[in-house]
Amino acid sequence: MIDPSLQLLILKLRLIVFDFDGVFTDNSVYVSQDGVEMVRCWRSDGLGLRLLDEVGVRYMVISTEANPVVTLRCKKLKIRCVQGCEDKVSALEQLLKTENISWEQTGYLGNDINDKGCLERVTLPMVVQDAYDAVIPLGKLRTTARGGYGAVREVCDLVHKVKMERPQ
């Protein structure tokens, strides 16, 4: 059973923004002896994003770190991505203006203190199960899955379910 107040927030959504490290990944990084970085991602997150396509909810990644791994994963999943972003709030604010989307139509899934500003501004702030203590109270939704273990898919499934049951 989904809380009715949460349903109303989900019905407003036109955009969901995801952090990458700790959300699409388990917040680990593998570094080879040659300095090449690798991360592990949850494969079904990509199928979840297609569910957002079905209900007309756009999505993007905003990442503090600039990393070729993020670029490649986002390209494969067909996700708009902003990287090397020191000020996520300003980057998101600019995007919202460009796309004519309001903060009230936006959700954000994060896991750490660099997500705090966005979590405080959007209508539906969400955190992964293993988010850092400092941001957990900001979430109106906390996933049951940890980052990198299906948290993105869980959010996509929920939004799809609510939007399909009660279309705007």
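Buried residues are those under 20% relative accessible area, exposed ones are over 50%, and partly exposed ones fall in between (1.4 Å probe, protein chains only). The model is predicted, so local features need pLDDT of at least 70 and side-chain atom pairs count only at pLDDT 80 or more, whereas totals for chains, interfaces and linings use all residues. Residues are numbered from 1 along each chain as its sequence is written, and side-chain values use heavy atoms, with hydrogens and water left out.

**View 1. Surroundings of T25 in the loop between β1 and β2.** Helices (H or I, at least four residues) and strands (E, at least two) are DSSP runs numbered from the N terminus. T25 has a relative accessible area of 0% and is therefore buried. Its side chain reaches the backbone nitrogen of N27 at 3.1 Å. Contact means heavy atoms within 4.5 Å; leaving out residues up to four places away in sequence, T25 touches F20, V39, R40, C41, G147 and G148.

**View 2. The largest nonpolar core and F24.** A nonpolar core is a set of buried Ala, Val, Leu, Ile, Met, Phe, Trp, Tyr and Cys residues joined through side-chain atoms within 4.5 Å. The largest one holds 52 residues, of which I16, F18, F24, L49, L52 and L92 touch the most other members. Helix α6 (residues 151-165) contributes the largest share of this core, seven residues. In soluble globular proteins, nonpolar side chains tend to be buried together. Beyond four places in sequence, the contacts of F24 include F18, W42, L49, V61, L77, I79 and V152.

**View 3. Packing of helix α2 (residues 45-54).** D45, G46, G48, L49, L51 and L52 are the buried residues of this helix. They pack against β1 (15-18), β4 (58-62), α3 and α6. G56, with a positive phi near 75 degrees, follows α2.

**View 4. The salt bridge between D19 and K88.** A salt bridge is a side-chain nitrogen of Lys or Arg within 4 Å of a carboxyl oxygen of Asp or Glu, and this rule gives a count of ten. The side chains of D19 and K88 meet at 3.0 Å, N to O. D19 lies in the loop between β1 and β2 and K88 in helix α4, so the pair ties together parts that are 69 residues apart in sequence. Both residues are buried.

**View 5. Salt bridges involving helix α5 (residues 116-121).** R121 pairs with E93, their closest N and O atoms being 3.8 Å apart. This pair links R121 in α5 with E93 in helix α4, 28 residues apart. R121 is partly exposed at a relative accessible area of 37%, as is E93 at 30%. Within α5, K116 and E120 lie four residues apart, about one turn of the helix, and form a salt bridge with closest N and O atoms 3.4 Å apart. K116 is partly exposed at 37%, and E120 is partly exposed at 47%. Salt bridges that share partners also join D19, K88 and D115 into one network.

**View 6. Positive phi angles at K78 and N100.** K78 is not a glycine, yet has a positive phi of about 60 degrees. It lies in the loop between α3 (68-77) and β5 (80-82) and is exposed, with a relative accessible area of 67%. N100, likewise not a glycine, has a positive phi of about 55 degrees. This residue is in the loop between α4 (88-99) and β6 (106-110) and counts as exposed at 62% relative accessibility.

Conventions: A polar contact is a pair of N or O atoms within 3.5 Å; within protein, one must be able to donate a hydrogen and the other to accept it, and residues adjacent in sequence count only if both atoms are side-chain atoms.
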